Amino acid sequence: MMNIAVLTATRAEYGLLKPLLTKINDDEDFHLNLIVTGAHLSPEFGLTYKEIEEDGFIIDKKIEMLISADSSASISKSMGLALMGFADYFADNKLDLLIVLGDRYETLAVALAAMNQKIPIAHLYGGETTEGAVDESIRHALTKLSYFHFTSTEEYKKRVIQLGESPARVNVVGGLGVENIKSQSLLPKGEFAKYVNIEEGKPYAMVTFHPVTLDDSENAGYQVDEMLKAINEFPNINFLITKANADANGRIINQKIDEYVSLNEHARAFTSLGMKRYLSGLKYAAFVLGNSSSGILEAPSFGIPTVNIGDRQKGRIQSDSVINCEPLKVSIVAAIEKAMNVEYRKRAKQTINPYGKGNASEKIIKFLKSNKNFKNINLKKNFYDLGEVHE
């Protein structure tokens with residue numbers, strides 16, 4: 001039996017990983033070591049590790065690392081705590097493989113600790129680009145720290161190979177978010193409306209706005225102010241806002257959201273809705289608003305428009321249902337009006353999601369089972385040069 005560790009540090013990350021966790025947990029060839037850290041363990045961000053336990057997963061280890069502050073320095077200190085905590089965990093546990101997803105600073109720190117312990121790493125969703133966020137650099141760094149790669153599209157596979165990774169170790173599997181949409185039994189519309197306390201017949205939008213981590217704190221506050229001013233122009237639409245992640249300047253955004261919601265009846269704020277409720281919200285929403293990857297990766301599968309603000313997601317492959325706008329009130333208002341246009345909504349319903357058919361975890365498991373002898377992996381990777389002839 002192979003000991004496979006899987007890392008999760010945020011609510012969104014866990015939601016994406018859930019179908020893969022289920023398959024690993026249910027397979028007799030694997031033993032799941034689920035490691036939980038970061039915002040999952042913070043009361044400020046909803047103690048979302050409880051959702052993981054409620055889903056029936058056994059958490060192998062909870063490792064504290066998050067400093068309750070909002071500066072770039074605090075992020076670096078949190079990464080230092082993660083390095084120390086995971087150094088001990090990896091030294092004490094014999095693991096055959098570590099699976100990580102995405103592009104966050106917590107993940108980078110954990111991957112560095114695993115690298116030093118000579119644990120092979122499988123990385124989900126390298127090759128993507130998000131030019132407005134520090135995540136861009138972290139994602140590419142994780143690619144170089146990892147041995148196996150699972151990408152969501154062929155184009156992203158090419159980018160991973162361009163970074164010097166052998167094509168034999170890069171696999172296109174599609175998006176786990178699409179799989180969640182296909183496999184989850186979602187809430188009825190009335191039940192969801194009751195949970196979020198809105199009138200069932202009134203249109204609503206799902207909103208998530210994260211810090212653009214390459215910008216300064218003043219810009220983060222300015223951009224969310226512009227979004228909230230735009231929201232204010234649509235009192236006949238309910239806006240359901242999920243708060244920002246534990247990133248630098250995230251607390252500035254969350255504070256402004258709380259202040260706005262306290263004064264405006266057509267807005268609601270949630271620390272975390274959980275994956276099932278969040279996807280249920282997408283299913284019945286008029287549109288998605290903000291700068292979260294879910295508007296790019298998941299929303300198109302529901303045939304609803306996405307109003308994507310600013311450049312946090314710049315560079316990602318997008319469907320035709322995504323409306324890009326500047327982080328300015330006038331631009332956001334125009335984009336919302338377009339998203340509510342009847343003809344545009346009809347076109348959005350015909351959109352094809354470029355992130356796969358919803359069988360990502362099946363493909364990952366199939367690959368892992370065909371490469372079961374991780375103990376004999378030679379971690380001395382050769383740099384794969386483009387244009388050369390390789391055997």
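# Spaces between two domains

The lining of the largest cavity comprises 14 nonpolar, 18 polar and eleven charged residues. Here Ala, Val, Leu, Ile, Met, Phe, Trp, Tyr, Cys and Pro are nonpolar, Asp, Glu, Lys and Arg charged, and the others, Gly among them, polar. The model is predicted, with local features requiring pLDDT of at least 70 and side-chain atom pairs pLDDT 80 or more, while totals for chains, interfaces and linings use all residues. Numbering starts from 1 along each chain as its sequence is written, and side-chain values use heavy atoms, without hydrogens or water.

## Cavities

A cavity is a set of points on a 1 Å grid over the protein atoms alone where a 1.4 Å probe fits but cannot get out, and lining residues have an atom within 4 Å of a point. The count is three cavities of 30 Å³ or more.

The largest cavity holds about 840 Å³ of space, volume being the space filled by probe spheres set on the points. Its lining has 43 residues, and Ala12, Glu13, Leu16, Ser292 and Ser293 are the ones nearest the centre. At least two lining residues come from each of α1, α5 (135-145), α7 (176-183), α11 and α12 (294-297). Of these helices (DSSP runs of H or I, at least four residues), α1 supplies the largest share of that lining, six residues. Both domain 1 (2-175 + 356-376) and domain 2 (185-350) contribute to the lining, so the largest cavity lies between them; the domain bounds come from an automatic or database assignment.

The second largest cavity has about 50 Å³ of space. Thr10, Arg11, Ala39, Phe45, Thr48, Ala244, Asn245 and Ala246 form its lining. Domain 1 and domain 2 both give residues to this lining as well, so the second largest cavity also lies between them.

## Largest pocket

A pocket is an open set with protein on both sides within 12 Å along at least five of seven lines. About 350 Å³ of space lies in the largest pocket. Helices α1 (11-26), α2 (49-54) and α11 (275-284) are the elements that give two or more residues to its lining. The lining consists of 18 residues, with Glu51, Glu54, Leu273, Gly274 and Arg277 nearest the pocket centre. Domain 1 and domain 2 both take part in lining the largest pocket, so this pocket too lies between them.

| Space | Volume | Lining by class |
|---|---|---|
| Largest pocket | about 350 Å³ | five nonpolar, six polar, seven charged residues |
| Largest cavity | about 840 Å³ | 14 nonpolar, 18 polar, eleven charged residues |
| Second largest cavity | about 50 Å³ | four nonpolar, three polar, one charged residues |

## Helix packing

Helices α1 and α11 also pack against other helices. The axes of α8 (residues 189-196) and α11 are 10 Å apart, at an angle of about 115 degrees (0 to 180 degrees between N-to-C directions). That makes α8 roughly perpendicular to α11 (65 to 115 degrees). Their crossing is left-handed (near helix turned anticlockwise from the far one by less than a right angle; clockwise for right-handed).

For α1 and α15 (residues 360-370), the packing angle is about 40 degrees and the axes are 9 Å apart. The two are therefore oblique to each other (neither perpendicular, nor under 35 degrees, nor over 145). The crossing of α1 and α15 is right-handed.
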